[in-house]
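Take a walk through this structure, from the whole fold down to single residues. Keep the sequence and the 3D view side by side.

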Amino acid sequence: MTKVLKPQDFAGDSHELAPALIGAILLVNGVGGRIVETEAYDRADPASHSFSGPTPRNQAMFGPPGRAYVYRSYGIHWCLNFVCREEGHGAGVLIRAIEPLQGIDLMRARRGLEDLRLLCSGPGRVGQALAITHELNGCRLDRPPFQVLPAPEKTPVVAGPRIGISKAMELHWRFGLSGSRYLSRNFL
DNA sequence: CGAACGATTAGCT
DNA sequence: GCTAATCGTTCGA
């Protein structure tokens, strides 16, 4: 019986939780794999959706930690975040890439793609492969359909600038599993 | 009420 | 490397 991460495990700062989640297992209805890339976002961070305070879209970020914040990206993709820190703070960790491990055939069917390497290597791709939609916004991560298992003690993590943002580029809040071939992009 | 803009991706040059 | 696709959210008038 493997222990799942509980809400209190998500109570830390986003830039501390994001690297700690590298190597953790994320499953949605039993489908998913190992988290190999994350990014941290914070209320005091101009690049964060929560920077300007609560709005209808980002309300989940201001709710209790240990829940999902799901948003639509570019009108096309669904992206998954883990809400962290204490309730009302508006911090979260974006799940940018996972290494496919379970339900691979189903993920291939959802993505219309064979290549393992392209299956979940990007936040929009993760959303499509795991069938993430707005219905999961605000849902607890320690209950079905979610399952999040902790990362091993020794997990080599690398950091770098976040991707696709135009503000706060100096914050190196993108984290990856060192040497993984399932990253959305390599680290310099 | 209108307009600009994305925490992106796939496909083409 | 460059750009279209596509639409909800946010902000200014």
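Helices and strands here are DSSP runs, numbered from the N terminus: helices are H or I with at least four residues, strands are E with at least two. With that in hand, place Ala131: it is found in the loop between α4 and β6. The model is a predicted one.

Now step back to the whole chain. Chain A holds 4 helices and 8 strands. Read from the N terminus, the order is α-β-β-β-β-β-α-α-α-β-β-β.

What radius of gyration does chain A have, and what would a compact globule have? Chain A has 15 Å; a compact globule with 188 residues would have one near 16 Å, so the two agree. Along the principal axes, the C-alpha atoms fill a box of roughly 40 × 35 × 35 Å. Of the 188 residues in chain A, 50% are buried. Contacts in chain A can also be sorted by sequence separation. Among those with a separation of 6 or more, 59% link residues 24 or more positions apart.

The surface comes next. Chain A has an accessible surface of about 9,100 Å². Carbon and sulfur atoms account for 51% of that area. Chain A carries 22 positive and 17 negative charges. The mean positions of these two sets are 4 Å apart.

Go now to Asp42. This residue sits in the loop between β2 (31-41) and β3 (68-73). Is Asp42 buried or exposed? Asp42 has a relative accessible area of 8%. The cut-off for buried is under 20%, so Asp42 counts as buried. A polar atom of the Asp42 side chain lies 2.9 Å from the backbone nitrogen of Ala44. Beyond its neighbours within four places in sequence, Asp42 is in contact with Ser14, Ser48, Ser50, Arg85, His89, Gly90, Ala91 and Trp173.

One of those partners, Arg85, deserves its own stop. Arg85 lies in the loop between β4 (77-84) and β5 (91-102). Its relative accessibility is 23%, so Arg85 counts as partly exposed. The backbone of Arg85 has a positive phi, near 60 degrees, in a residue other than glycine. Most residues other than glycine have a negative phi, and most peptide bonds are trans.

Ala131 also has a positive phi, about 60 degrees, although it is not a glycine. At 37% relative accessibility, Ala131 counts as partly exposed.

Stay in the loop between α4 and β6 for Arg140, which lies there too. Arg140 has a relative accessible area of 31%, so it is partly exposed. What does the side chain of Arg140 make a polar contact with? The partner is the side chain of Asp142, at 2.7 Å. Leaving aside neighbours within four places in sequence, Arg140 is in contact with Pro7, Gly66, Arg67 and Phe146. Gly176 is 36 residues from Arg140 in sequence. In space, their C-alpha atoms are 24 Å apart.

The last stop is a peptide bond. Pro145 lies in the loop between α4 (123-129) and β6 (146-149). The bond that joins Pro144 and Pro145 is cis, with omega about 5 degrees.

Definitions and conventions. Residues numbered from 1 in each chain as written. Chains lettered and ligands numbered in written order. Predicted model: local features only at pLDDT ≥ 70, side-chain atom pairs only at ≥ 80, totals over all residues. Heavy atoms only, no water. Rg over C-alpha atoms; globule rule 2.2 N^0.38 Å. Buried < 20%, exposed > 50% of the residue type's maximum accessible area, 1.4 Å probe, protein only. Contact = heavy atoms within 4.5 Å. Areas by Shrake-Rupley, 256 points an atom, 1.4 Å probe, with all protein chains shown as cover. Lys, Arg positive; Asp, Glu negative; His and termini not counted. Charge placed at Lys NZ, Arg CZ, Asp CG, Glu CD. Polar contact = N/O pair within 3.5 Å; in protein donor to acceptor, adjacent residues only side chain to side chain.
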